[in-house]
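Thanks for coming, everyone. I'd like to walk you through one model today. Please have the structure open as I talk.

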Amino acid sequence: MTINEIQDQIIDDFSAFDDWMDKYQMLIELGNNLEALDEKYKTPQNIIEGCQSRVWIQADFDGERIHFTGDSDAVIVKGLVSLILSVFNDQTPDDILGAELYFIEQIGLKEHLSPTRSNGLLAMVKQMRIYALAFKAKK
C-alpha cells in the first residue's frame with residue numbers, strides 16, 4: 001500500500017469514533033498490539049530525542065525499502081509509535097521523504113495531544129525522515 005492509502009485507512013478507522021476517549025482507547029489498543037522491540041535495539045542511538053516518554057525507533061534498509069520497528073514505555077505513546085510505523089514501514093526513502101502526513105490533523109491528533117506528545121510525534125517523524133535521507137544517500 002502507498003503512504004496515502006495507509007493514511008486514508010487510518011482516517012477511516014478513526015472516523016468510526018466521535019468521542020476522543022474512544023480514540024485514545026484505540027491508540028492504546030494499537031500500542032498493545034505493537035510487537036515488542038528486541039532489547040538489543042533499545043540503545044541510546046535509537047532513542048528519539050524530544051519525547052517525554054522513552055521511544056526507540058530501529059531502521060533497517062534492504063536496498064529498496066526501509067523496515068522500521070519501534071517501542072515506547074508509555075501506552076498512548078506506544079500507540080502513536082504504532083501509527084507512524086504503519087505509515088512509514090516498508091516504504092522507499094523517496095516515498096517517506098515526499099510524504100505529506102495529513103492523517104495527523106484529520107484524525108484530530110494535532111488538537112487532542114498534549115504539547116509534549118505532539119512534539120514527540122513530530123520528533124519520531126523527523127527521525128524516520130533522517131533515516132530515509134541517510135539510506136537514500138547510501139543508495
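I'll take the core, then the aromatic rings, then a pocket, then two residues of one helix. One caution before we start: this is a predicted model.

Let's begin inside. The largest nonpolar core has 43 residues. Those with the most contacts within that core are Ile57, Phe68, Phe88, Leu101, Phe103, Leu109 and Met124. Which elements give two or more residues to this core? They are α1 (3–14), α2 (20–33), β1 (55–61), β2 (66–72), α3 (75–88), α5 (103–106) and α7 (115–138). The top contributor is α3, with nine residues.

Now pick out Phe68 from that list. What does phenylalanine 68 touch, leaving out residues up to four places away in sequence? Its partners are Ile57, Gln58, Ala59, Leu85, Phe88, Asn89, Ile96, Met128 and Tyr131.

That brings us to the rings. We have four aromatic pairs in the structure. One of them joins phenylalanine 61 and phenylalanine 135. Their centres are 4.9 Å apart, with 15° between the planes, and the pair is stacked. Look at where the two rings come from. Phenylalanine 61 is in strand β1 and phenylalanine 135 is in helix α7, 74 residues apart, so this pair links distant parts of the chain.

Are these two rings buried or exposed? Phenylalanine 61 is partly exposed, at a relative accessible area of 22%. Phenylalanine 135 is buried, at 11%. The cut-off for buried is under 20%, so phenylalanine 61 does not count as buried.

Phenylalanine 135 has another ring partner, tyrosine 131. Here the centres lie 6.4 Å apart and the planes sit at 15°. Why is that pair called stacked? Planes under 30 degrees apart count as stacked, and 15° falls under that, so the label follows. Both residues belong to helix α7. They are four residues apart, so about one helical turn separates them. Tyrosine 131 is buried too, with 15% relative accessibility.

Put these rings together. Phe61, Phe68, Tyr131 and Phe135 form one aromatic cluster. So Phe68 turns up twice, in the cluster and among the core residues with the most contacts.

One more ring, this time with a charge. Lysine 42 places its charged end over the ring of tryptophan 56, 4.9 Å from the ring centre.

On to the pocket. The largest one holds about 200 Å³ of space. Which residues line it? The lining is Leu101, Ile104, Glu105, Leu109, Lys110, Leu113, Ser118, Leu121, Leu122, Val125 and Arg129. At least two lining residues come from each of α5, α6 (109–112) and α7. Helix α7 gives the most, with five residues. Note Leu101 and Leu109 in that lining; both were also on the list of core residues with the most contacts.

Last, two residues of α3. Isoleucine 84 is in that helix. It is buried, with a relative accessible area of 0%. Beyond its sequence neighbours up to four places away, isoleucine 84 touches Leu101, Phe103, Met124, Val125 and Met128. How far is isoleucine 84 from leucine 121? They are 37 residues apart in sequence and 8.2 Å apart in space, C-alpha to C-alpha.

Serine 82 also lies in α3. This residue is buried, at 13% relative accessible area. Setting aside neighbours within four places in sequence, serine 82 is in contact with Leu30 and Leu34.

That's the tour. Questions, please.

Methods. Residues are numbered from 1 along each chain as its sequence is written. This is a predicted model: local features need pLDDT of at least 70, side-chain atom pairs count only at pLDDT 80 or more; totals for chains, interfaces and linings use all residues. Side-chain values use heavy atoms; hydrogens and water are left out. A nonpolar core is a set of buried Ala, Val, Leu, Ile, Met, Phe, Trp, Tyr and Cys residues joined through side-chain atoms within 4.5 Å. Buried means under 20% relative accessible area, exposed over 50%, partly exposed in between (1.4 Å probe, protein chains only). Contact means heavy atoms within 4.5 Å. Rings of Phe, Tyr and Trp (its six-membered ring) pair if their centres lie within 6.5 Å; planes under 30 degrees apart count as stacked, over 60 as edge-to-face and the rest as tilted. A charge sits over a ring if NZ of Lys or CZ of Arg is within 6 Å of the ring centre and within 35 degrees of the ring normal. On a 1 Å grid over the protein atoms alone, a cavity is a set of points where a 1.4 Å probe fits but cannot get out, and a pocket is an open set with protein on both sides within 12 Å along at least five of seven lines; lining residues have an atom within 4 Å of a point. Grid points are joined across faces, edges and corners, and a volume is the space filled by probe spheres set on the points.
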